[in-house]
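Here's a quick tour, with the cysteines up front and the sheet after that. Have the structure open while you read.

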Amino acid sequence: MRAAVAGSGFMGRVHTEALRRLGAVDVMSVGGRDEAAFRKMLADPSVKAVHICTPNAAHFPMAKAALEAGKHVLCEKPLAVSSVEAAALVELARAKNLRNCTCHNLRYYPMVQQMRRMREAGDLGEILVAQGTYSQDWLLYDTDWNWRIDPRESGPSRAMADIGSHWCDMVEHVAGLRITSLCADLQTFHKTRKRPRWDIETFAGKTLTPEEYELTAIETEDFGAVVFRMGDRARGAFTASQVSAGRKNRLSIEVFGSKSSVAWDQERPDELWIGNRNANNQVIIKDPSLMKEAARSYADLPGGHSEGYDDTFKQVFRRFYHSIEDPDAEPEYPQFADGLRQLAILEAELASNSAHGWVDVPS
């Protein structure tokens, strides 16, 4: 199987390395945002699938062109910069009968799958409350910069689109419920930032010196807080922050049920906390031999051998390429429809913040 990766930055390198680990996929070419190079890549009949790892604004035109060229497409999130664009991609992929994936890879940590399977088995009971955060600190200072800050490249949202979407996708995946309405409050702490005079890598802004910047007005949010409803009874709340000192990449999620509860932290990915009302609480360590049967295939290494961020991509890609090889296989990965779902939630968050009130999320 031959694949092409569009995008040579942080995510492009992550995708390329994960593809090579599969052993059965040959990465034929890696390109940036050069349209001529991308079109040449699409014209190569040996390329069966395209990974889109460019800045957000390029996702829609590149995914559309790849689908029209008959390629299966795996696209980084957010799938597009609007639900209108995302809906068009969902329909085009369906019409072309091509495999499509939105890379919400964080579902694929083994202990996240253990939480999901515990809920499916009824171990948690009825889901009552979900809460958590996705907190980072890499944009804490006004001298920190990345293309995600510029709405011309990232779209109308930053913190909520970039990391809040991961949290929302995970809570719906684990809890088995959909966010039906929400109330959001967004904040831009740095109204201006010192933009570097040349392009820099993701997370690299802290290495530059003050005289190398120019003052730039900021339109996208540094932080967001959301209260939400999931169906008639379940309730929840979460924050997404890129200005939380000391938190490097902390997605934390807690799901409380009528029987027991679970909590997981991406900065300690092999641990799962289980909470009980009438018995001692537990912290269990990832061990596939002790996990729910349906969750075991998400852990490749035995107990005591850590699996982390890069392994989640391998798990997504393995299932994506299996579905290409087997036309009858049911997709075991988030599809473009899931990317559309997260954009619907994101647009509800933006609308709620503007209106200072509750907004329904389209089903």
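## Cysteines

Why is the sulfur of C103 not in a bond with the closest cysteine sulfur? This is a predicted model, and in it the closest cysteine sulfur to that of C103 belongs to C101, at 5.7 Å, which is too far for a bond. For a disulfide, the two sulfur atoms have to be within 2.5 Å. C103 is also buried, and its relative accessible area comes out at 0%.

Zoom out to the whole structure and the disulfide count is zero. Take C75: it isn't in a disulfide either, and the nearest cysteine sulfur, the one in C53, sits 8.0 Å away. C75 is buried too, with a relative accessible area of 0%.

## The sheet

Now for the strands. There are five of them in an open sheet, and reading across, the order goes β2-β1-β3-β4-β5, with parallel pairing. At the edges you'll find β2 (26–31) and β5 (100–102); each has a single partner strand, so one side of each has no neighbour in the sheet. From one strand to the next, the twist averages 15 degrees.

If you want to look at one pairing up close, try β1 (residues 2–6) with β2: they pair in the parallel sense, over five bridges. Within that pair, look for A3, which stands opposite V27 in β2.

## A helix across the strands

Last stop is helix α8, residues 309–325. This helix lies across β1, β3 (49–52), β4 (72–75) and β5. Against β4, helix α8 runs at about 165 degrees.

Notes:
Residues numbered from 1 in each chain as written. Predicted model: local features only at pLDDT ≥ 70, side-chain atom pairs only at ≥ 80, totals over all residues. Heavy atoms only, no water. Buried < 20%, exposed > 50% of the residue type's maximum accessible area, 1.4 Å probe, protein only. Pairing = 2+ DSSP bridges. Helix = DSSP H or I, 4+ residues; strand = E, 2+ residues; numbered from the N terminus. Axes fitted to C-alpha atoms, helices over the stretch in contact; angles between N-to-C directions. Contact = heavy atoms within 4.5 Å.
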